[in-house]
Amino acid sequence: MLQMKMYFSDLVDSRDNRGLRHTLVDIIVMSIYAVLCGYTDAENMAFFMKLQEPYFSKMLDLKYGVPSADTLLRVFAIIEPEKFMQMFYQWIRDVLSAIQKNNESELQHIAIDGKAVRAAAVKGGNIPYIISAYLENYGLSIGQLKVGEKTNEIKEIPKLLKELDITDCVITIDAIGCQKQIAKQIIEQKGHYCLAVKTNQAILYEEIKEYFSYVEKEEAEKLSTYETLEKNHGRIEKRKYWISSDIGYLTGKEKWKNLKTIGKVESIRKMDEKRSFETRYYILDQEMTAEEMSRIVRGHWGIENNLHWVLDVHFREDACKIKAEKAMQNLSLIRKICY
């Protein structure tokens, strides 16, 4: 944790020096401890710090004791999220350089997805939304960006990508990120993409859907296929994957940078005699087998099933009522550090 202190020691403190009792970096370190131990809002974080004051006093300069809940709220409301985020990026780069050096040949997979922080919504305003980047190989949150009041994910995803080193990484994004400019940026940053296609790209969606509908019946030899069957807690789920490089018929395919293949995933779930069906389509910039695609597609849900689930269930992010915009973003980043 003292190494962590080094990374955030240069964070600019805009508070008036008169009457200053706690350094910014000490507050951040104690807050990380509090969140790790399950204390997730200002009041119970302050309670935890008071409870652990003897421990913190041995490690930090706490001449005036631990901060109050009001102090925590004020501090998190003045930290510039962009500066805090830059220091996080430096820390996560160093972490990754240490853990990746023995796995240089492993394909890296970054999933990008958004998540609401519902309790932080101001009355009459929009629900705050944060886009996260998740390195699926190691289960690490490696970046985040808040969606502005007057913008949307389509405009913010490129900004998040720009902060990441995605060289040789496969980037997966839900249908909101299936945009020509985003695909182009991923390729220009030397990454690869696997983008979900839905009706927001209506022509592309219909053409891929019609292609698989025909080829599965008439020219199945053109397809690579793969099937999985999972039985878990009374639920049976069968998935079938198809992928094809036969994309000559696609309208405007040249506008999707380096587009090489299209994919289809069909899921059939059975639980308590109830069945559900779901079909999803994808575009990819690499040729691969259906089995290889299955690992990428399944891996994407790690951001939802692992990161977002932990943030809401363990760290209670969706219930956090801190509404000050900077404070909400900064605490969200601390949860990502703890994750």
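Author: A residue counts as buried under 20% relative accessible area, as exposed over 50%, and as partly exposed in between (1.4 Å probe, protein chains only). The structure above is a predicted model, where local features need pLDDT of at least 70 and side-chain atom pairs count only at pLDDT 80 or more, while totals for chains, interfaces and linings use all residues. Residues are numbered from 1 along each chain as its sequence is written, and side-chain values use heavy atoms, with hydrogens and water left out.

Reader: Thanks! Why does Lys264 count as buried?

Author: Its relative accessibility is 7%, which falls under the 20% limit, so Lys264 is buried. Lys264 is part of strand 8; strands are DSSP runs of E with at least two residues, helices are runs of H or I with at least four, and both are numbered from the N terminus.

Reader: Which residues does Lys264 touch?

Author: Leaving out residues up to four places away in sequence, Lys264 touches Phe212, Glu216, Lys240, Tyr241, Trp242, Thr279, Arg280, Tyr281 and Met293. A contact here is heavy atoms within 4.5 Å. As for Ile208, its C-alpha is 8.5 Å from that of Lys264, although 56 residues separate the two in sequence.

Reader: And for the whole chain, what share counts as buried?

Author: Of its 339 residues, 49% do. The chain has 12 helices and nine strands, and its C-alpha trace spans about 80 × 50 × 45 Å along the principal axes. Of the contacts between residues at least 6 apart in sequence, 61% join residues at least 24 apart.

Reader: Let's turn to the helices. What makes helix 2 roughly perpendicular to helix 3?

Author: Helix 2 (residues 24–36) and helix 3 (residues 42–51) pack at about 100°, and their axes are 9 Å apart. The axes are lines fitted to C-alpha atoms over the stretch in contact, with angles running from 0 to 180 degrees between N-to-C directions. Under 35 degrees counts as roughly parallel, over 145 as roughly antiparallel, 65 to 115 as roughly perpendicular, and the rest as oblique. The angle of about 100° falls in the 65 to 115 range, so the two helices are roughly perpendicular.

Reader: Which residues meet there?

Author: Ile27, Met30, Ser31, Tyr33, Ala34 and Val35 of helix 2 meet Met45, Phe48 and Met49 of helix 3. By class, this contact has eight nonpolar residues, one polar and no charged. Nonpolar here covers Ala, Val, Leu, Ile, Met, Phe, Trp, Tyr, Cys and Pro; charged covers Asp, Glu, Lys and Arg; the others, Gly among them, are polar.

Reader: How do you know how helix 2 and helix 5 are oriented to each other?

Author: The axes of helix 2 and helix 5 (residues 69–78) come within 11 Å and cross at roughly 110°. That angle lies in the 65 to 115 range, so this pair is roughly perpendicular too. Leu24, Ile27 and Ser31 in helix 2 meet Thr71, Leu72, Val75 and Phe76 in helix 5, a contact of five nonpolar, two polar and no charged residues.

Reader: Why is helix 3 called oblique to helix 5?

Author: Their axes come within 8 Å and cross at roughly 120°. This value is outside 65 to 115 yet not over 145, so helix 3 is oblique to helix 5. Here Ala42, Glu43, Met45, Ala46 and Met49 in helix 3 meet Ala69, Leu72, Leu73 and Phe76 in helix 5. These residues divide into eight nonpolar, no polar and one charged.

Reader: What makes Arg298 and Glu230 a salt bridge?

Author: A salt bridge needs a side-chain nitrogen of Lys or Arg within 4 Å of a carboxyl oxygen of Asp or Glu. The closest N and O atoms of Arg298 and Glu230 are 3.3 Å apart, so this pair meets the rule. Arg298 is in helix 10 (residues 290–300) and Glu230 in strand 6 (residues 224–232), so the bridge ties together parts 68 residues apart in sequence. Arg298, at 34% relative accessibility, is partly exposed, as is Glu230 at 29%.

Reader: With which residues does Glu237 form salt bridges?

Author: Glu237 pairs with Arg235 at 3.7 Å, N to O, and with Arg269 at 3.0 Å. The latter pair links strand 7 (residues 235–244), home of Glu237, to strand 8 (residues 261–271), where Arg269 lies 32 residues away. Glu237 is buried at 2%, whereas Arg235 is partly exposed at 33% and Arg269 is partly exposed at 26%. Through shared partners, salt bridges join Glu230, Arg235, Glu237, Arg239, Arg269, Glu278, Arg280 and Arg298 into one network.
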